[in-house]
Amino acid sequence: MKHVLFAASECTPFIKSGGLADVIGSLPQALVKEGARVSVILPLYKEIIHSEYRQDMEEVMIFNTPVGWRNQYTRILKYETRGITYYFVDNEYYFNRDGLYGYIDDGERFVYFSNAIIEFMYRVEAHFDVLHCHDWQTGAAVAIGSIKRPHPGMKTVYTIHNIQYQGWIEESAFSELFNLEREHYAGFEWQGMLNMMKAAIHHADDITTVSETYAEEIMTPFFGEGLESVLEYRREDLHGIINGLDVTDYNPVRDEALYYRYRSSRRTKLKNKTALQQDLGLKVDENIPLYSIVTRLVGQKGIDLIEHIMHEFLAEDVQLVVLGSGEAAYEDYFRSLVHNFPDKVHVTLGFSESYARKLYASSDFFIMPSLFEPCGLGQLIAIRYLTAPIVRETGGLKDTVIPYNEYEQTGNGFSFENYNAHELLNAMKYSLYIFHQKSHMEALCKNMTASDYSWAKSAEQYLNLYDA
């Protein structure tokens with residue numbers, strides 16, 4: 001069985017800023033269950049240095065990593081758990097800082113990290129058959145690894161989680177940060193600058209992204225963020241593999257954050273709803289449909305569609321609970337909703353993992369009308385907690401949410417095609433109609449219970465790709 005080295009900038013439970021960490025935390029475990037050997041390499045951030053995990057790490061090696069004309073100190077630490085070896089790249093100059101990203105030298109920081117990964121591979125006793133890199137922060141690693149092949153026969157795989165963030169660096173950085181011959185410059189250059197994602201797409205043996213629909217979308221100008229022609233050129237090597245959900249972690253049978261735990265019982269689920277209504281000061285009535293939104297309040301998430309129709313929808317006998325933070329204008333909008341509908345709307349600006357889980361378990365419907373969504377995690381959690389998602393048909397939302405058909409009683413949610421506020425309103429009104437038909441809600445609940453979005457199937461697809 002192949003030995004795979006995952007390279008990424010974040011991973012649960014060590015460090016997280018977004019969905020990438022969830023994937024790097026759960027996909028390797030799924031691969032191990034299928035018989036693969038997996039290691040993961042990450043930066044040793046300040047937050048990890050001060051975490052409970054640091055005391056159980058052991059030093060593996062110390063070496064210098066060439067970064068252009070400089071040699072940068074590199075120490076590798078190791079931590080083993082659940083059949084996976086995690087390696088951490090320790091360099092205090094680059095990583096002993098608050099937060100993960102947002103520094104003016106982020107480009108240099110992650111080129112250093114990529115260089116250190118390759119230098120580590122030259123030195124480590126283990127033989128890696130596959131180097132699997134994720135997003136722009138390790139784009140240079142997959143490019144350099146493809147050029148140098150530190151382990152004979154090693155395959156390189158690159159996964160795009162969000163094509164919006166590409167890792168642009170000044171053109172002069174090629175000679176300042178990379179130890180490569182000038183003949184390789186063209187593989188990194190894009191529109192007069194260096195682009196780490198473009199470099200990875202150009203060099204990797206195989207490219208994946210996180211849903212089949214998103215793989216097709218990013219080869220078009222609207223979704224491709226300027227890289228559509230590069231991806232179109234690599235079409236035969238581009239694969240859409242849907243992200244899975246860590247069903248051990250997100251499990252309403254064991255989730256301690258819930259008021260009441262349940263497996264498939266809508267009766268017990270409704271007890272969660274009335275408990276939440278009580279806590280939030282909303283009218284306590286299980287027969288009032290409860291809609292939830294758990295999201296970043298940014299344009300990508302379709303908040304402008306919600307703005308256009310929510311006043312009209314709240315004229316119905318419904319309730320809305322919101323958890324999220326983001327752009328000030330969107331936060332102000334949701335504050336205004338509470339002001340106008342104090343008996344129907346509750347908004348919490350910020351984020352709490354335990355409270356989010358309460359919302360998933362307590363609500364009847366989950367609203368996620370994204371402009372684009374590479375895969376999406378919210379709709380998967382919602383289905384796992386028997387809360388029917390209402391989504392736009394884009395990316396992973398299209399691939400995972402099957403529209404409910406009242407005539408055949410099939411489907412696990414509701415969807416609409418175009419980025420249009422009234423199409424969203426129509427989908428929400430249809431969900432309201434279904435809510436008041438007990439037989440349909442029971443069928444919808446049964447269909448969600450039968451939906452399987454665990455990592456097992458996706459892990460098998462990755463293993464087949466590694467072996468190809």
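The following paragraphs lead from the overall form of this predicted protein model to selected places along its chain.

Residues are numbered from 1 along each chain as its sequence is written, and side-chain values use heavy atoms, with hydrogens and water left out. Because the model is predicted, local features need pLDDT of at least 70 and side-chain atom pairs count only at pLDDT 80 or more, while totals for chains, interfaces and linings use all residues.

The protein contains 20 helices and 18 strands; these are DSSP runs, numbered from the N terminus, with helices (H or I) of at least four residues and strands (E) of at least two. Its radius of gyration is 23 Å, close to the 23 Å that the globule rule gives for 468 residues, so the protein is as compact as a globular protein of that length. The radius is taken over C-alpha atoms, and the rule is 2.2 Å times the number of residues to the power 0.38. Along its principal axes, the C-alpha trace spans about 65 × 45 × 40 Å.

Of the 468 residues, 60% count as buried, where buried means under 20% relative accessible area, exposed means over 50%, and partly exposed lies in between (1.4 Å probe, protein chains only). Among contacts (heavy atoms within 4.5 Å) between residues at least 6 apart in sequence, 69% join residues at least 24 apart.

Two annotated regions, both from an unreviewed UniProt entry, help to divide the chain. UniProt positions are given in the numbering used here, feature names are shortened, and annotations may be inferred rather than shown by experiment. The annotation "domain: Starch synthase catalytic" covers residues 3–232, a stretch that is 36% helix and 27% strand, with its end C-alpha atoms 30 Å apart. The feature "domain: Glycosyl transferase family" is placed at residues 281–430; here the chain is 38% helix and 22% strand, and the end C-alpha atoms are 27 Å apart.

The loop between strand S1 (3–7) and helix H1 (19–33) holds Lys16, which UniProt lists for "binding site" in an unreviewed entry. Lys16 is partly exposed, with a relative accessible area of 41%. Not counting residues up to four places away in sequence, Lys16 touches Glu10, Ala21 and Asp22. Pro13 also lies in the loop between S1 and H1, and the peptide bond from Thr12 to Pro13 is cis, with omega near 5 degrees.

Most peptide bonds are trans, and most residues other than glycine have a negative phi. Arg149, in the loop between helix H5 (139–148) and strand S7 (155–160), has a positive phi near 45 degrees. Glu225, in the loop between helix H10 (221–224) and helix H11 (228–233), likewise has a positive phi, of about 50 degrees. Arg149 is partly exposed at 29% relative accessible area, and Glu225 is partly exposed at 37%.

Met193 belongs to strand S10 (residues 193–195). Its C-alpha atom is separated by 5.3 Å from that of Glu170, although the two residues are 23 apart along the chain. Beyond its neighbours within four places in sequence, the contacts of Met193 include Trp168, Ile169 and Phe188.

Helix H15 (residues 353–362) is mostly covered, with 7 of its 10 residues buried. Among these buried residues are Tyr355, Arg357 and Tyr360. The buried residues of H15 pack against several elements, including helix H12 (266–280), strand S13 (290–297) and helix H16 (378–384).
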